[in-house]
Structures are given as C-alpha cells and as structure tokens.
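This report concerns a single protein chain and is intended for reading alongside the sequence and coordinates.

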Amino acid sequence: VMKLNPQQAPLYGDSVITVQLTEEDKVEDDVVFYLVFTGSTVQHCTSTRKINPGSLETISPGHDCCETVKVALCASREGHPVLVVAEESFQFVQDEAYDAAQFLATCAGNQQALNFTRFLDRSRPPAADVDFLDEKVALAFRHLKLPAEWNVLGADQSLSDNIPRETLMHFAVRLGLLRLTWFLLQQPGGRGALNIHNNEGATPVSLALERGYQKLHQLLTEEGAREPDSWSTLSHIVHSGDYSVKHHRRLDVYLLTAEA
C-alpha cells in the first residue's frame, strides 16, 4: 500500500502531496508514476516528481465538491501496459480559506459585514500569516463559481460613486493582500472600486499609500502593472471543452482534469 501525506486537501487544490512507495514499488528510473483521482463527477490525473527512490511528490488538484475519492497510483514504462500499483482513498475538504472566500464573495455589497472585516484588521496578523492568508484566500476565490452578475461592489449598481462606503477592495488593501487585490482588479467593478471613498474619505489607493504598501500601490496605480510574481509562477491553466490542463511551475507537475 502507498501512503499519501496528507490524506486530504482543500477543494481549491494546489497543496503538495507526498507519496511514500513500499519496498516492492521502488523501481528502475525509467518508470513514470501518475496519480489518478476519481470523484463522483470529475477525474484528475497528476504527474509526479521523484524526491528519492522511495517517495514522490505531486500537487493536489482543485475538486468540484467535498467528498472522499479513490486515488490510484499508476506506473508506466515505454513498451509496457500502464499498471495500477496501489490504491488509497483521499478526501477533499472545505477549509477556512474557502469559507473566508465564500463569505467575502457574498458580502461584496454588505456594509455591516465589510465593517466587521475592518474590526478584524485591528488585530493585525504577522506578515508571514498575511502572506499565507493571501495565497490561500486568493486560490479559493479563483476556485469559487462566482455568478455571472457578481461584482466587486456588490449587487446594487445603482449606488453612485459619490456615496461613501466600504468595499472588498478596501478590505484587501487594508490587510496588504497582494494576490487577492490583483484577483479583484480583474473582476467586474474591480477598477471602479479604486475611486470609492469610505466614511473616513479613504480610497483603496490612499490606504495603500498611508500604510506604506509600495508593491500594492504600484499594482493599483501603474498602467500595465503585472501580476504579483509568486502568483503567476504558481500555475498556469488551459481549458478545452470538458478538459483542463494545469502546469504547476514550482514543482513542474502537470494536472489533467476531465468531467467523468
């Protein structure tokens, strides 16, 4: 039996999974290992990277629902049929980052909820936590199936730009969440949010300045500002019909997802 560590991953994927091979599976160098995840409606196939003769590394795929799936370790060798070497179960779960992204997405126009996020800011998390939070929440946000009419400013588009109010963009900038800010900028209402003043007269741009977030300020004000490094280097996805292929650049692992 192979051992997967961890045996679960958040729905939005992109976390590292280590596969421990048993003695008899430690094979010659010309064998290529894949993991096949079979869920109720989608299937994923991921390539792996050898860390040492007894262990492999791969990236968890983004899945469509919380459930336990079957994972098969497959070995392929030129001129030989593909073998299923071992099977194990694996769980996709909804974690706090996913909850947070869902909460933020639904409260885009809700002033009470957005004021609550300001209250959270008073207990500033340390920078390392902010970076972790930023990466996870932005990944989760990207994975949410946002309704077509979703807007960074919430559903009520009749509000004029002159009405002072909190926005999701104020929230992301106030905490210094670079990747989430970038994600929101690409969404409907993202650019518009930059000029909206809150009750203290601060715009997301003035907040970035006031807090000394230089990178963030550049992101908001520079024409043709690029996606934050750590983000585009993470992964690249190509969709085609019912299939999508994702390349995780840091580990150089490929993930193929197909609707079953």
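The paragraphs below treat the domains, the pocket, the helix packing and some local features in turn.

The model described here is predicted. The domain assignment divides the chain into domain 1, made up of residues 3–94 and 235–259, and domain 2, which covers residues 96–226. The centres of domain 1 and domain 2, taken over C-alpha atoms, are separated by 33 Å. Contact between the two involves seven residues of domain 1 and eight residues of domain 2.

**The largest pocket**

The largest pocket holds about 680 Å³ of space. Its lining consists of 23 residues, and those nearest the centre of the pocket are Gly-62, His-143, Ile-237, His-239 and Ser-244. Two or more lining residues come from each of strand 5 (42–47), helix 3 (127–143), strand 10 (235–240), strand 11 (243–248) and strand 12 (253–259). Sorted by class, the lining of the largest pocket comprises seven nonpolar, nine polar and seven charged residues. Where does the largest pocket lie with respect to domain 1 and domain 2? Both domains give residues to the lining, so the largest pocket lies between them.

**Helix packing**

Helix 5 (residues 178–185) takes part in both of the helix pairs set out here. The table gives the packing angle and the separation of the axes for each pair.

| Helix pair | Packing angle | Distance between axes |
|---|---|---|
| Helix 5 and helix 7 | about 5° | 10 Å |
| Helix 3 and helix 5 | about 30° | 7 Å |

With its angle of about 5°, the first pair is classed as roughly parallel, because angles under 35 degrees count as such. In this contact, Leu-178, Thr-181, Trp-182 and Leu-185 of helix 5 meet Lys-215, Leu-216, Leu-219 and Leu-220 of helix 7. The residues of the contact of helix 5 with helix 7 comprise six nonpolar, one polar and one charged.

For the second pair, the angle is about 30°. Helix 3 is therefore also roughly parallel to helix 5. From helix 3, the residues Asp-131, Asp-134, Glu-135, Val-137, Ala-138, Phe-141 and Arg-142 meet Leu-178, Arg-179, Leu-180 and Phe-183 of helix 5. By class, the contact of helix 3 with helix 5 has six nonpolar, no polar and five charged residues. Leu-178 of helix 5 appears in the contact with helix 7 and in the contact with helix 3.

**Local features**

Two backbone features occur in loops towards the start of the numbering. Asn-5 and Pro-6 are joined by a cis peptide bond, with omega about -5°. Pro-6 is placed in the loop between strand 1 (3–5) and strand 2 (8–10). Asp-14, although not a glycine, has a positive phi of about 70°. The loop that contains Asp-14 runs between strand 2 and strand 3 (16–20).

Val-36 belongs to strand 4 (residues 32–38). Leaving aside residues up to four places away in sequence, Val-36 touches Gln-43, His-44, Cys-45, Lys-70, Val-71, Ala-72 and Cys-74. How far apart in space are Val-36 and Leu-168? The C-alpha to C-alpha distance between Val-36 and Leu-168 is 38 Å, and they are 132 residues apart in sequence.

Notes
Residues are numbered from 1 along each chain as its sequence is written. This is a predicted model: local features need pLDDT of at least 70, side-chain atom pairs count only at pLDDT 80 or more; totals for chains, interfaces and linings use all residues. Side-chain values use heavy atoms; hydrogens and water are left out. On a 1 Å grid over the protein atoms alone, a cavity is a set of points where a 1.4 Å probe fits but cannot get out, and a pocket is an open set with protein on both sides within 12 Å along at least five of seven lines; lining residues have an atom within 4 Å of a point. Grid points are joined across faces, edges and corners, and a volume is the space filled by probe spheres set on the points. Helices (H or I, at least four residues) and strands (E, at least two) are DSSP runs, numbered from the N terminus. Ala, Val, Leu, Ile, Met, Phe, Trp, Tyr, Cys and Pro count as nonpolar, Asp, Glu, Lys and Arg as charged, and the others, Gly among them, as polar. Domain bounds come from an automatic or database domain assignment. Axes are lines fitted to C-alpha atoms, for helices over the stretch in contact, and angles run from 0 to 180 degrees between N-to-C directions. Angles under 35 degrees count as roughly parallel, over 145 as roughly antiparallel, 65 to 115 as roughly perpendicular and the rest as oblique. Contact means heavy atoms within 4.5 Å.
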